[in-house]
Structure formats: structure tokens, C-alpha cells
Amino acid sequence: MQPNTRKIEVTISNVVATFRTGCRLDLHTIGSKGKNVIYNTRQGKVTMQLRKPRITASIWASGKVICIGASSEDEAKIGARRIARCLQKLGFKVKFSDFKVVNVMAGCSMPFKISLIDFTKKNQLNTKYEPKLYPAASYNVKEPKATIKVFSTGSVTILAPSVVNVAAAVQHVYPLLSECRRPL
């Protein structure tokens, strides 16, 4: 670990998780009897919101549920279980199964500004930078799997399949970014 990486605080902004109910769901029943729900007939899904933890769930008739908005993996699991419990209370024989965190979005700020042109030149194989289309360079890490958006201000956004991958991706990219510091 680099000595300066201890100063970097990584903030998780969104955790996306999925689970299955193990039964078919009647969306009309959920839409009419459920609380904090919106039944979208065109998309064929019900959207249910929880206040604690703050989660929005998309529920399909097949029994698949996608939960977004959690700020940790534990919070995502608690929220998913609460959604399953709400469906049980509506009379469905729900069996909470196949829970999986599929995406974690996090952000951090480097203690320096970055020359994106230098960063792109030094890491050509894994980096895409189109300044006319998007103000950040996109850096792909294969191991651990992650996509990192690097802004010239030093702001970094990480998309990865788990919180562990987010932390490892920050440790991986820090020395590369440090080489491309922009003079003050």
C-alpha cells in the first residue's frame, strides 16, 4: 500500500443487488395492495421503495427483484430481505434466494490534479479518453475487475462487482495516477 493512499476516503454511493423470490408474482395485486409501490404496466414491473434502508426495488412477475440505492453490501441485503418480507405479507410464498451484489459504485478524490493526456499515453491499452465526448478518462482493470473514471480535478469514480474490488482498484490505480500529477 502506498503511504498516501491512507488519506484517500472512498465513499460508496450505490450498491445494486438481485435476488429471486422462488415463486411467480401477481404484479396487479402488489400494485393495488402494496405500500410505496408504482405499477408500470408498460414495462411489466412494480417499483417498491423502502425508507430504511433507502432502497428502490424493481419487481417482475417471474420473481426476479433488483434492488438499487443501498450504501453498503449489508444494507443491500437487509433491504432485499425487507422487500421479500413485504411480498410475503401480501400473501406470496416467497423464499429469499440467489441474493447477489452485482454492482458497486464508489467515488474518491486524489490529493492532486491529474494530467489526463499523460495518463492516457502511459496506459494506452486500458484507457479510453475522448475529451470532446466525456470529460473523464475511462480506465479498465481486469484483475480485480473494475472500471475507473478519472477526472482532471483528481476526482475518481469506480464501478466494480463488489466493495472488495473497489478498494483493490483504488490501490491499483493510485500509483498510476501519482505518476501523472499535474503541476500546480
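**Figure 1. Pro144 in the loop between strand 8 and strand 9.** In this predicted model, Pro144 is found in the loop that runs between strand 8 and strand 9. The peptide bond leading from Glu143 into Pro144 is cis. Its omega angle is near -5°.

**Figure 2. The hairpin of strand 8 and strand 9.** Strand 8 covers residues 136-141, and strand 9 covers residues 146-151. A hairpin of 4 residues joins strand 8 to strand 9. The two strands pair in the antiparallel sense, with 6 bridges between them. Which residue of strand 9 stands opposite Ala136? The partner of Ala136 is Phe151. In a regular strand, side chains alternate between the two faces of the sheet.

**Figure 3. The hairpin of strand 9 and strand 10.** Strand 9 also pairs with strand 10, which is made up of residues 155-160. This pairing is antiparallel and has 4 bridges. Thr147 stands opposite Leu159 of strand 10. Between strand 9 and strand 10 there are 3 residues, and the two strands form a hairpin. Gly154 is in the turn and has a positive phi of about 100°. Strand 9 therefore has a pairing with strand 8 and a pairing with strand 10, by the rule that two strands pair if at least two bridges are found between them.

**Figure 4. The cis peptide bond at Pro53.** Where does Pro53 lie? Pro53 is in the loop between strand 3, residues 45-50, and strand 4, residues 55-60. The peptide bond from Lys52 to Pro53 is cis, and its omega is near -15°. A cis peptide bond also leads from Glu143 to Pro144.

**Figure 5. Asn36, a residue with a positive phi in a loop.** Asn36 is found between helix 1, residues 27-33, and strand 2, residues 37-40, in the loop that separates them. Its phi is positive, about 55°, although Asn36 is not a glycine. Is Asn36 buried, partly exposed or exposed? Asn36 counts as partly exposed because its relative accessibility is 47%, and partly exposed residues fall between the limits of 20% and 50%.

**Figure 6. Asp98, a residue with a positive phi in a strand.** Asp98 is found in strand 6, which spans residues 97-109. Asp98 is a residue other than glycine, and its phi has a positive value near 55°. The relative accessibility of Asp98 is 54%, so Asp98 counts as exposed; the term exposed applies over 50%.

Terms used:
Residues are numbered from 1 along each chain as its sequence is written. This is a predicted model: local features need pLDDT of at least 70, side-chain atom pairs count only at pLDDT 80 or more; totals for chains, interfaces and linings use all residues. Side-chain values use heavy atoms; hydrogens and water are left out. Buried means under 20% relative accessible area, exposed over 50%, partly exposed in between (1.4 Å probe, protein chains only).
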